[in-house]
Every structure is written in C-alpha cells, then in structure tokens.
Amino acid sequence: MQNYHWYSQLKKPKWAPPSWLFGPVWSVLYVLIFISFGKVFLLAYRGQLPFIIILPFILNLIFNLAFTPLEFRLKNNFLAALDVLLVLGTLIWAMIVIFPYAPWITYFQIPYLIWVSFATTLQLKVTWLNR
C-alpha cells in the first residue's frame, strides 16, 4: 500500500493510463510470454537452438522481473527507466533472432512489443517529470 501511495504521488503525463489497467494487460502478456518463451526454452533444451538465440529471451525475463523491485521497492525511477529500456532492447533482439527458426514466436511478441514500447515511453516521461 505504501508503494502504491508513493507511485500515485508521482507526476505523470496526462496520457498515462489508470493504474488498474496494468494488471489485466500484464496478465494477458504473461500468458503470451509463457507460451512463446516456453517454446524457445523447449527448443533450446532439445538442442534445436543455439545459446545465442535464447540469450535475449533469458535477459528479457531477468530485466522484466527486475522492473517492479526497482520501481516500487527501491522507488528509483532512473533505474526503472534504464531497466525498461533493456526490456525493450532485449525483446527486439529476441524477436529478430528467433524469426528464422520460428516466425510465429516473433508475431506472438507483437502485443508485448507494443505494450513495452508504450511502457518505456511512459517510464521515461515519469522519470523526466520527477527528476
């Protein structure tokens, strides 16, 4: 509750979505991530993908999971902004490298890419407004 209060007090752009929207959006995205990333890790486990192909997927998960502690536990907008840029970068990298092996996985990431692009823009704006 204290973390919610902290975040609610931050300056945000007028176009920021309401807080309640983030939960449902991420719930849908995590299903897509679980299915597609799960397939990548299964292919890697079977020896059908080299490590360099799964590396951006691993890094993306790490950076994705790091965002909430950085933003809400540490209350550090700068580190959260840096992290969300890494989420976006590793997602684009992952989409590019998996395409020759399984194009459907790249297409499955499009909603995630759209949301992370929006979230990156929002986080950068929140960071700037609260510097």
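The secondary structure of the chain comes to 6 helices and 0 strands, where helices (H or I, at least four residues) and strands (E, at least two) are DSSP runs numbered from the N terminus. The structure is a predicted model, in which local features need pLDDT of at least 70 and side-chain atom pairs count only at pLDDT 80 or more, while totals for chains, interfaces and linings use all residues. Residues are numbered from 1 along each chain as its sequence is written, and side-chain values use heavy atoms, with hydrogens and water left out.

**Exercise 1. Overall form**

Task: State the order of the elements, the span of the C-alpha trace and the percentage of residues that count as buried.

Solution.
- Step 1. Read from the N terminus, the elements run α-α-α-α-α-α.
- Step 2. The C-alpha trace spans about 50 × 25 × 25 Å along its principal axes.
- Step 3. Buried residues (under 20% relative accessible area; exposed is over 50% and partly exposed in between, with a 1.4 Å probe and protein chains only) make up 38% of the 131 residues of the chain.

**Exercise 2. Aromatic pairs**

Task: Determine how many aromatic pairs there are, and classify the pair of Trp-6 and Tyr-7 and the pair of Phe-37 and Phe-57.

Solution.
- Step 1. A pair of aromatic rings is described by the distance of the centres and the angle of the planes. Rings of Phe, Tyr and Trp (its six-membered ring) pair if their centres lie within 6.5 Å; planes under 30 degrees apart are stacked, over 60 edge-to-face, and the rest tilted.
- Step 2. This rule yields 10 aromatic pairs. One of them joins Trp-6 and Tyr-7, with 6.4 Å between centres and 55 degrees between planes, and is tilted.
- Step 3. Both Trp-6 and Tyr-7 are buried.
- Step 4. Phe-37 and Phe-57 are 4.8 Å apart centre to centre with 85 degrees between the planes, an edge-to-face pair. This pair links distant parts of the chain, since Phe-37 is in helix H2 (residues 22-45) and Phe-57 in helix H3 (residues 51-73), 20 residues apart.
- Step 5. Phe-37 counts as buried because its relative accessibility is 2%; Phe-57 is buried because its relative accessible area is 1%.
- Step 6. Ring pairs also connect Trp-15, Phe-22, Trp-115 and Phe-118 into a cluster.

**Exercise 3. Charges over rings**

Task: Identify which residue lies over the face of Tyr-7 and which lies over the face of Trp-128.

Solution.
- Step 1. The criterion is that NZ of Lys or CZ of Arg be within 6 Å of the ring centre and within 35 degrees of the ring normal.
- Step 2. Lys-12 lies over the face of Tyr-7, 4.8 Å from the ring centre.
- Step 3. Arg-131 lies over the face of Trp-128, 3.7 Å from the ring centre.
- Step 4. Lys-12 also takes part in a C-alpha proximity: Lys-125 and Lys-12 are 113 residues apart in sequence and 7.3 Å apart in space. Lys-125 is found in helix H6 and is partly exposed because its relative accessible area is 34%.

**Exercise 4. The loop between H3 and H4**

Task: Describe the loop residues Leu-74 and Lys-75 by accessibility and by backbone.

Solution.
- Step 1. Leu-74 lies in the loop between H3 and helix H4 (77-98). Leu-74 counts as exposed because its relative accessibility is 57%.
- Step 2. Lys-75 is in the loop between H3 and H4 and is partly exposed because its relative accessible area is 30%.
- Step 3. Lys-75 has a positive phi of about 55 degrees although it is not a glycine.

**Exercise 5. Polar contacts of helix H6**

Task: Find which side chain is joined to that of Gln-123, and which backbone oxygen lies 3.1 Å from a polar atom of the Thr-127 side chain.

Solution.
- Step 1. A polar contact is a pair of N or O atoms within 3.5 Å; within protein, one must be able to donate a hydrogen and the other to accept it, and residues adjacent in sequence count only if both atoms are side-chain atoms.
- Step 2. Gln-123 is placed in helix H6 (residues 110-129) and is buried because its relative accessible area is 5%. The side chains of Gln-123 and Glu-71 are joined by a polar contact of 3.2 Å.
- Step 3. Thr-127 is found in helix H6 and is buried because its relative accessible area is 15%. The backbone oxygen in question belongs to Asn-77.
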